[in-house]
Amino acid sequence: MITAGVDIGSSSSKVVIMLDGTRILSKAVLPIGTGSSGPVKAFEQALALADLPRRQISYVVATGYGRNHFVEADYQVSEITCHARGVFKLFPDVHTVIDIGGQDAKAISIGANGTVTNFVMNDKCAAGTGRFLDVMSRILEVEVNQLAALADSAKREVSISNTCTVFAESEVISQLASGQAREDVAAGLIKSVVKRVAGLTRRVGIKSDIVMTGGVSLNWIAVRFMQEELQNSVLVSPDAQITGALGAAIIAENMIRSGKVSQVSPGSIPNSILAI
Ligand code: ADP
């Protein structure tokens, strides 16, 4: 059975197409999220990469901030449930998940079989999210995916005293104007996001192993700082940004297999896939 998971975030769209809830056939990530053409384009891209027509996808589960607006979805599931399920597939021994996305950050405790036992979320303030780093990268004149490389050569971390993103923006501008090195400011900005999210994680309760997911986990300085802050090793999968979509595709398969829903599309598996 072929299923798809579609994670529609505030800043990116992620799609995973899976065979029998076990093998990833294709994945797509586009850096535009809900309210844009990103979700549809990412879905089409994943279908093209798997060389599959839409009718062969038995069930599509959408998750993420924009999950209720995706016309191709058969069902919607919260991103917390999907992240936990995706992490359980990638790291069965992990009990604490730190997900830092574009618009929110979450710390999730997971129990047996990848079920959610507790979570804490910051979705009220940009500080402590990827959005904060996006805004600050612009002031540092660097793409957000180059921020870690910039911070890697920092000699120290310039601390940011404002928690409000708008005030922090002015603070960063004056720090740069007063001659602080861009590298040191970059390190300080990443540290400030990490400190806030580490606080959330302590509130949810830390139980090893810890894994980081979401776009900010691609920032290796953020991962290093998180390890230092929590005094614990932090795992990151190469599939960290698609974890929610992966979980959604697995949940889609489980729903059909357990008889919770009947298969929407015939979903016959092409011989080309069975032969791989
Ligand atoms: P959402 O699901 O909310 O759309 P993501 O989990 O995709 O968010 O995370 C988006 C955030 O991740 C961006 O705001 C950005 O700060 C960060 N990010 C995305 N790509 C990278 C990258 N290649 N390197 C570092 N940070 C990144």
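A residue counts as buried under 20% relative accessible area, as exposed over 50%, and as partly exposed in between. In this predicted model, Val40 comes out at 38% relative accessibility, so it falls in the partly exposed class. Val40 is found in helix H1. Its C-alpha atom is separated by 8.7 Å from that of Ser13, although the two residues are 27 apart along the chain.

Helix H1, residues 38-50, belongs with an open sheet, lying across strands E1 (2-8), E2 (13-19), E3 and E4. Relative to E3, the helix runs at about 145 degrees. The sheet itself has five strands in the order E3-E2-E1-E4-E5, and the pairing is mixed. Its edges are E3 (23-30) and E5 (75-76), each of which pairs on one side only. At the E5 end, two bridges join that strand to E4 (residues 59-63), and the two run parallel. Ala62 has its bridge partner in E5, namely Gln76. A second helix, H8 (residues 243-257), also packs on this sheet, touching E1, E2, E3, E4 and E5. The direction of H8 makes about 140 degrees with that of E1.

Next comes strand E6, which covers residues 96-100 and is mostly covered, with five of its five residues buried. In a regular strand, side chains alternate between the two faces of the sheet. E6 shows its own split: Thr96, Ile98 and Ile100 point one way, while Val97 and Asp99 point the other way, and all are buried. E6 pairs with two strands. With E7 (residues 105-110) the sense is antiparallel, over five bridges, and Val97 stands opposite Ile108. A hairpin of four residues makes the link between E6 and E7. With E9 (residues 210-213), E6 runs parallel and is joined by four bridges; here Ile98 has Met212 as its bridge partner.

As for the ligand, 19 residues surround it, and those that come nearest are Ser11, Ser12, Lys14, Asp134 and Gly215. Some polar contacts can be spelled out. A polar side-chain atom of Ser12 sits 2.5 Å from a ligand oxygen. For Ser11, a backbone N or O atom lies 2.8 Å from an oxygen atom of the ligand. Gly102 likewise uses a backbone N or O atom, at 2.9 Å from a ligand oxygen. Taken alone, the ligand exposes 570 Å², and the protein buries 84% of that.

How values were computed: Residues are numbered from 1 along each chain as its sequence is written. This is a predicted model: local features need pLDDT of at least 70, side-chain atom pairs count only at pLDDT 80 or more; totals for chains, interfaces and linings use all residues. Side-chain values use heavy atoms; hydrogens and water are left out. Two strands pair if DSSP finds at least two bridges between them. Contact means heavy atoms within 4.5 Å. Axes are lines fitted to C-alpha atoms, for helices over the stretch in contact, and angles run from 0 to 180 degrees between N-to-C directions. A residue is near a molecule or strand if one of its heavy atoms lies within 4 Å of it. A polar contact is a pair of N or O atoms within 3.5 Å; within protein, one must be able to donate a hydrogen and the other to accept it, and residues adjacent in sequence count only if both atoms are side-chain atoms. Accessible areas come from the Shrake-Rupley method with a 1.4 Å probe; for residues, only the protein chains shown count as cover. Buried means under 20% relative accessible area, exposed over 50%, partly exposed in between (1.4 Å probe, protein chains only).
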